[in-house]
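Please examine the structure shown below and work through the exercises that follow it. Each task is followed by a solution set out in steps.

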Amino acid sequence: MKLSRTTTSTPSTTGTDALHDPEVLAGLVDAVRERLGEAVADAVARCMSDTLARTITRHPDGTAFVITGDIPAMWLRDSTTQLAPFLHLAGTDARLADTIAAVSRRQQASILHDPYANAFNDGPTGDGHRDRTGDPETGQSPWVWERKYEIDSLAYPVQLAYDLWQITGRTDHLTQLGQVARTIIGLWRTEQRHDEASPYTFERTDCPPSDTLVRDGRGSETTFTGMTWAGFRPSDDACRYGYNVPGNAFAVVALGYLVRLASEVLHDDALADDAAALRSDLERGIREHGVVQGPRGEPVYAYEVDGRGGVLLADDANSPSLLSLPFLGWCRADDPLYTATRDLILSDANPYHYTGTAASGIGSPHTPEGHVWPIALAIQGLTSTDRAERRRLLDLILTTDAGTGAVHESFHVDDPGTYTREWFSWANAMFCELALETAGLRTYRRPALESATESATEPGTESATEPGTDPGAAR
């Protein structure tokens, strides 16, 4: 399936009833109300209904386009995470499963159009950023809103395709998966040796340093580690060091999904073998280069490394993050290496962790200093083994919306009335996921990767930089 031109600005069948069964969602909201109270239930209903009513456009070609909120473009990452709370209903709501399948088809077609792009237009409009990237002669495709290469832009669509198959057993959204999987595996293989083999460059002018890549668009120097390179983080900020560790961990999980899909659905043993081999390489690279010595001498995961001795001890609010590793299926929440890393990143040792009178949590150089992200607060709750902590974080997100009824991108730790982004659908979805977890209503979870639960006991040979010294990130 190729990307097809937009023919209508509204779903082919009018109203959100075409996207889901309202009675199924109403039943879920009633269950939340019974277990967590009116305020949480109203917020869940408002956030999930908003996603259905305002972000999703179905098209006659069997695909669906999902805007991220107040930006009229479809991020491959966001369009997956925005649907996260709906996965728990897909097994009982055939219309909703159809909608998720339509989004998955659109994601896969987008990857085949340009696997290095992170965000797309709903048609060849030429909207968005026009950067120095892409084909040397024709430039960036008019279908592409932004072409910042991020590992998770390929891993998240694999996750959505796999999740829908696991929940419903349907395979009609997987007709292009073989080609998509080979494209992803080939790109991740190429980017294991970015400096020698990659065609990708990215340059943006008149912007903060975090919005472009150094060295004529190739990014900072790296040495082979077995991991796959990324130009940008899931925050859309440039990587300081080219190997983003949580991004690689997510790639390992996604490759595990491709192994199963290739074997059990596509019956393609060669593709399954290719995915398994790359998965092994990336995981070995994480173990040997992504585990470093923490401030107290304990082994922890680094956020980024370069294979040349450069290490960033930090975590960013956007997922995949180190905080999100159990939520993504990389490890268990009680894994010793993860818990040591969690202690570090939820402290002042993380340069993007902020504490104030209204909140404490992880922020991002993507937003102003002193701002925490509700996405990170939700992930903190979703990966917590403490029920009381989950409820505290849920209430914190609920009471820091500045009276708008929406979950924002970020807010200031001393003043929730100072926030970024009026409408950010990913944040709404993560609040709903935390609410469902707190209520005991999350019916679908990703089990921990078996090999990843056996934590490394010794850090790699990389030497950690001083926490907070990330000259590639603009505040």
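The exercises below treat confidence, helices, a sheet, a hairpin and salt bridges in turn.

**Exercise 1. Confidence of the model**

Determine what average pLDDT the protein chain has, and over which residues the pLDDT stays under 50.

Step 1. The model is a predicted one. Its protein chain has an average pLDDT of 92, and 92% of the residues score at least 70.

Step 2. Residues 6–13 form a stretch in which the pLDDT stays under 50. The model gives this stretch 14 contacts beyond four places in sequence.

Step 3. The pLDDT is also below 50 over residues 463–475. Beyond near neighbours in sequence, that stretch has 33 contacts in the model.

**Exercise 2. Two helices**

Compare the span of helix α2 with its expected value, and state which elements cover its buried residues.

Step 1. Helix α2 covers residues 38–54, which makes 17 residues. At 1.5 Å a residue the helix should span 24 Å, and its end C-alpha atoms are 24 Å apart, so the two values agree.

Step 2. The buried residues of α2 include Val40, Ala41, Val44, Cys47, Met48 and Leu52. Among the elements that cover the buried residues of α2 are α1 (22–36), β1 (56–58), α14 (387–399) and α15 (425–439).

Now establish how many residues of helix α9 are buried and which residue caps its N-terminal end.

Step 1. Helix α9 runs over residues 245–264 and has 20 residues. From its first C-alpha to its last it reaches 29 Å, close to the 28 Å expected at 1.5 Å a residue.

Step 2. Of the 20 residues of α9, 16 are buried, so the helix is largely enclosed by the rest of the structure.

Step 3. The N-terminal cap of α9 is Asn244. A side-chain oxygen of Asn244 lies 2.8 Å from the backbone nitrogen of Gly247.

**Exercise 3. A sheet and a buried aspartate**

Give the strand order of the open sheet of three strands, and name its edge strands.

Step 1. The order is β3-β4-β5, and the pairing is antiparallel. The edge strands are β3 (74–75) and β5 (144–146), each of which pairs on one side only.

Step 2. Strand β4 (residues 119–120) pairs with β5 over two bridges in the antiparallel sense. Phe120 stands opposite Val144 in β5.

Next, locate Asp114 and decide whether it is buried or exposed.

Step 1. Asp114 lies in the loop between α4 (94–113) and β4.

Step 2. The relative accessible area of Asp114 is 8%. Buried means under 20%; Asp114 is therefore buried.

Step 3. Leaving aside neighbours within four places in sequence, Asp114 is in contact with Phe120, Val144 and Arg147. The side chains of Asp114 and Arg147 are also joined by a polar contact of 2.6 Å.

**Exercise 4. A hairpin**

State through how many residues a hairpin joins β14 to β15.

Step 1. Strands β14 (residues 410–412) and β15 (residues 415–420) pair in the antiparallel sense over three bridges. His412 has Asp415, in β15, as its bridge partner.

Step 2. The hairpin connects β14 to β15 through two residues.

**Exercise 5. Salt bridges**

Find how many salt bridges the whole structure holds, and place three of the pairs in the chain.

Step 1. A search of the whole structure finds 36 salt bridges. Side chains of opposite charge can pair when their charged atoms come close.

Step 2. Asp122 forms a salt bridge with Arg106, with 3.1 Å between the closest N and O atoms. Asp122 is in the loop between β4 and β5 and Arg106 is in helix α4, 16 residues apart. Arg106 is buried, at 2% relative accessible area.

Step 3. Glu146 and Arg204 meet through their side chains in a salt bridge of 2.9 Å, N to O. Glu146 belongs to strand β5, while Arg204 sits in the loop between α7 (194–197) and α8 (214–217), 58 residues apart. Glu146 is buried at 3% relative accessible area, and Arg204 is buried at 12%.

Step 4. The side chains of Arg446 and Asp163 form a salt bridge of 2.7 Å, N to O. Arg446 lies in the segment after α15 and Asp163 in helix α5 (residues 152–168), so the pair ties together parts that are 283 residues apart in sequence. Arg446 counts as buried at 13% relative accessibility, and Asp163 is buried at 0%.

Step 5. A network of salt bridges links Arg77, Asp78, Glu150, Asp152 and Asp236.

Methods. Residues numbered from 1 in each chain as written. Predicted model: local features only at pLDDT ≥ 70, side-chain atom pairs only at ≥ 80, totals over all residues. Heavy atoms only, no water. Pairing = 2+ DSSP bridges. Helix = DSSP H or I, 4+ residues; strand = E, 2+ residues; numbered from the N terminus. Buried < 20%, exposed > 50% of the residue type's maximum accessible area, 1.4 Å probe, protein only. Polar contact = N/O pair within 3.5 Å; in protein donor to acceptor, adjacent residues only side chain to side chain. Contact = heavy atoms within 4.5 Å. pLDDT = per-residue confidence, 0-100. Expected span 1.5 Å × (residues − 1). Salt bridge = Lys/Arg side-chain N within 4 Å of Asp/Glu carboxyl O.
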